[in-house]
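Welcome! Here is a short tour of one protein model, written for someone meeting structures like this for the first time. Keep the picture open while you read.

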Amino acid sequence: MTDASSSPVPPVTIHRSDYRPPEWQVPDIALDFALGLDTTRVGAALSVVRHADAPTPLTLRGDGLTPLAVCVDGESWNDWHMEGADLIVDLGDRTHAVVEVDTAIDPAANTQLMGLYASNGMLCTQCEAEGFRRITFHPDRPDVLSRYKVRMTGDKTAFPILLSNGNCIAKGEGDDGSHWALWEDPWPKPSYLFALVAGDLVVNRDSFTTMSGRKVELGIWVRAGDEGRTGHAMQALKDSMAWDERVYGREYDLDLFNIVAVSDFNMGAMENKGLNIFNTRYILADPDTATDLDYDGVQGVVAHEYFHNWSGNRVTCRDWFQLSLKEGFTVYRDQSFSADMGSAPVKRIEDVRLLRAAQFPEDAGPLAHPIRPDSYQEISNFYTATVYNKGAEIIRMMATLLGPQRFRAGTDLYFDRHDGEAATCEDFVRAMEEGGAIDLTQFRRWYEQAGTPRLTLTLSEDQGQWALDVVQTVPPTPGQPEKLPMMMPLRIAAFDRSGGASLPDTLVTLTGATQRIALGAFGARPALSINRGFSAPVIVDFERAPGELAWLAAHDDDPFARYEALQQLMLDTLVAAAAGNAAHHPAVIDAVTQTLRGRGDDPAFVAEAVLLPSEAFIGDQMLTVDPDAIRRERLALQAAIGRALEDEWRAILAGKAPPATDLSPHAKGERRLRGVALAYLAATGIADIPALVFGVFSDADGMTERQAALATLAHGDSDERAHALDIFYQRYRDNPLVLDKWFQVQAWSMRPDTVEAVHQLAEHPDFTLSNPNRVRSLYGAFTGNQAAFHQADGAGYRLIADLVIALDPRNPQTAARMIPPLGRWKRFDEARAAMMRAELERILAQPGLSRDTTEQASKSLLG
Ligand code: BES
Ligand code: ZN
């Protein structure tokens, strides 16, 4: 069944400059739900207060709703009309009124998973950004904050558990097998933070005592049978609550904090006040079914949504252009938390890898936008790596420029000054300026300009004194042909390779288009450690000899910079090779050997450092991406390193794996390194390797090793491959999250027949378009498989366009998220580019295409 409730609308562009304060506020709302899977009746009573000077009608946004009855101040009311999907109520010259509207919705038919929908027999909501208007008529903008009272009635057997935001203040039973509950949230909140859940759920309960001594009841609600897999999420929640008190001085503010896990969810999770709703994949974890990466995902997302209670809920966004105010800041907060809970350098490496994989390409393509966009057609399309991950980097740069104490003074001022308000990015920067006593005038350009800045460096010497010249350029992006230089913190150091004095870690603030940095006296050209810790989200152009990079990979005292040096060495080699020049394997092999042998006691760091750059990242360095050459050369280097260090890799695997229940950073690091060893050995093509990998698969006592071995086998065509896939399927066919992995490893495969395999997997009885996790596990993994997606005959492009066309009527948000890979056509040869454009055109030619997909496809086509 598809969802026909939101009919296609011609694209309307919303501009940030058009912001006007709301003419009506809604201080109180009472909602009354009569719950049913096919019909839920919603009674809404909004007490409205006019803020405009002159009489003006009340506009209540709707999406697919019909008003069944309208009352004003208790009387039936006729002075209303529809304007498109919206309800306009004429209130004459009233300044106050209680407006009641009744509607009915069909949650089971809601395949978009926005608003109130059914998932596995339970009812749940997703309202951010504009889903509340699919439940009832409402201004549905984040600068309208209300106190909510929510009453819900439903069948006791179908919906034994009834949850909403805040506290449950009353409940009771009807005499018809129904029961009801009344919830009240004392904190005014925007409609996007409203939530309701009704269903047959079990709970893992715990509690947390806040720094002021208040006891908070914690509950994680899941389907019966899943409660044993909620322990890690619960621990993450308690750790997050303690961390936000310790690091930001922020305490939780209700007596109850509930989390519900649902299996059909468009995103990762949602921070509804007091009632977070999560995709099951970010709640459920046990060693048999979740990898170490999954565990880290649970911890990070639980923290992220919890942290929103202050950065998002207590202080919310004035309008959706300010989205990075809550998302960028909250990502920065969850990154810092995860760094504190595990290995900080490894966390930084992972975060930078994600930024380069997801955000840099976005910033370099047709969908580039500033972290605070100027316009949009569909806001759902702007929950992007730019708003989130570049947004987090902008906050991180301010933290670096201010230092920990002044940054904390800035955040204290921000939270205290704007508590209970709908704020702007400008408010945040101003609090940083005042709290941190710094002038951020130029820094504000980071909010205005899209595009990844490029720093071009040259080193020069004059009478033994060395200097570094930095030229900063910001590339043109759609709608922004000219750019100005931006203020940024650049951490550098310079080493005398023969053991003389070095320039220790130094923080330079760049502001100009060109800038000279004095490094001091060195006997010979110093080895330069640049952008240490990735202090600024930029691309650095700086030619360094392989020997210098290898030296830094071994000797730099900043672990991130050591990682970068080795990655740069690999990258230079691979880019040259893919462009047809001879590959310099020996220098890379030496550096990898050194890193591996000098591994000391940090296997996690070593594993990250010796991993080859991804195919996509190699492509990003080329004038024209050649996916086949990149795959060939990367595999060749992998095989060379695999063979040269064969004994080392075998020794790593011959050692005993730590027990899967050991989740210490060290144990995780050991498992990660074992996974890397598997990949290097498999690349060699040595005859006994498939059997060895299969042995790891069979002996694995947990999912990290099991999945690593399965993914390794999936690249080849051994008998062990088929056997392992079959065993895995039989064992986990009833566990949707693990079955997702089965689809995923096959879509990631480097086999030449992967496009065909994905076609067939889409026909598999366990595949369905109605579950976003399943769609992402097959097609999302596939678009990340560069050589397969860009197969020369265009079959990969057709596959994704067919998916978008099939998915758009049912779930436009998830469909639109599959389009950006097709928009990278400018980076490829003319034959591929033409086929990619043709698929975008084919998508756009579909009648009734959603606003989400229309915006992404039409912008992608412009290039
Ligand atoms: N507020 C978002 C959830 C959301 C995203 C709602 C998009 C509507 C549209 C939530 O806080 C969030 O950011 N979730 C992330 C995970 C997070 C750890 C980055 C997500 O769902 O991917
Ligand atoms: Zn968020």
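Two strands are said to pair if DSSP finds at least two bridges between them. Strand E19 (residues 256–262) and strand E21 (residues 275–279) pair in the parallel sense over 5 bridges. To see one such bridge, find Asn258, whose bridge partner in E21 is Leu275. Please keep in mind that this is a predicted model.

**The mixed sheet**

E19 and E21 belong to an open sheet of 5 strands, ordered E17-E18-E19-E21-E20, in which the pairing is mixed. Which strands are at the edges? They are strand E17 (202–209) and strand E20 (269–270), each of which pairs on one side only. Helix H1 (residues 231–248) lies across E17, strand E18 (215–222) and E19. Relative to E17, H1 runs at about 25 degrees.

**The antiparallel sheet**

Now look at an open sheet of 4 strands, with the order E10-E11-E16-E13 and antiparallel pairing. Strand E10 (115–119) and strand E13 (161–164) each have a single partner strand, so one side of each is left without a neighbour in the sheet. On average, and ignoring direction, neighbouring strands here are turned by 20 degrees against each other.

Within this sheet, E10 and strand E11 (residues 122–126) are joined in the antiparallel sense by 5 bridges. Tyr117 is found opposite Cys124 in E11. In the loop between E10 and E11 you will meet Asn120. Further on, the loop between E11 and strand E12 (145–155) holds Ala129. A cis peptide bond links Glu128 to Ala129, with omega at about 0 degrees.

As you follow these strands, a general rule is handy: in a regular strand the side chains alternate between the two faces of the sheet.

**A hairpin**

Strand E14 (residues 167–173) and strand E15 (residues 178–190) run antiparallel and are joined by 6 bridges. One example is Lys171, which has Ala181 in E15 as its bridge partner. How many residues lie between E14 and E15? There are 4, and the two strands form a hairpin. In the turn, Gly177 has a positive phi of about 85 degrees.

**Positive phi angles**

Gly177 is one of several residues with a positive phi in this tour. The table gathers four of them, two of which are not glycines.

| Residue | Phi | Place |
|---|---|---|
| Asn120 | near 55 degrees | loop between E10 and E11 |
| Gly177 | about 85 degrees | turn between E14 and E15 |
| Gln463 | about 50 degrees | loop between E25 and E26 |
| Gly685 | near 75 degrees | after H15 |

Are Asn120 and Gln463 buried or exposed? Asn120 has 47% relative accessibility, so it counts as partly exposed. Gln463, in the loop between strand E25 (454–462) and strand E26 (465–473), has 76% relative accessibility and therefore counts as exposed.

**A buried leucine**

Leu503 lies in strand E28 (residues 503–510). Why does Leu503 count as buried? The cut-off for that word is under 20% relative accessible area, and Leu503 is buried because its value is 17%. Leaving aside neighbours within four places in sequence, Leu503 is in contact with Ile492, Ala493, Ala494, Leu519 and Phe522. For a sense of scale, the C-alpha atoms of Leu503 and Val352 are separated by 25 Å, and these residues are 151 places apart along the chain.

**A helix of 20 residues**

Helix H15 (residues 665–684) has 20 residues. From its first C-alpha to its last, H15 reaches 29 Å, close to the 28 Å expected at 1.5 Å a residue. Its buried residues include Ala667, Arg671, Leu678 and Leu681. An α-helix has 3.6 residues a turn, so residues three or four places apart point the same way. Gly685, with its positive phi, follows H15.

**The zinc site**

Finally, find the zinc ion (ligand 2). Which residues coordinate the zinc ion? They are His304 and His308, each through NE2, and Glu327 through OE atoms, at 1.9 to 2.7 Å. Along the chain, these donors follow the spacing H-x3-H-x18-E. Both His304 and His308 are buried. The zinc ion has 6 donor atoms, with angles of 53 to 162 degrees among them, and its site is irregular. For comparison, ideal angles are 90 or 180 degrees for six octahedral donors.

How values were computed. Residues are numbered from 1 along each chain as its sequence is written. Chains are lettered from A and ligands numbered from 1 in the order in which they are written. This is a predicted model: local features need pLDDT of at least 70, side-chain atom pairs count only at pLDDT 80 or more; totals for chains, interfaces and linings use all residues. Side-chain values use heavy atoms; hydrogens and water are left out. Donors are N, O and S atoms within 2.8 Å of the metal (3.2 Å for Na, K and Ca); water is not among the atoms, so sites may look incomplete. Four donors count as tetrahedral if all angles lie between 85 and 135 degrees; four count as square planar and six as octahedral if opposite donors are over 155 degrees apart and all others between 65 and 115; anything else is irregular. Buried means under 20% relative accessible area, exposed over 50%, partly exposed in between (1.4 Å probe, protein chains only). Contact means heavy atoms within 4.5 Å. Axes are lines fitted to C-alpha atoms, for helices over the stretch in contact, and angles run from 0 to 180 degrees between N-to-C directions. The expected span of a helix is 1.5 Å times one less than its number of residues.
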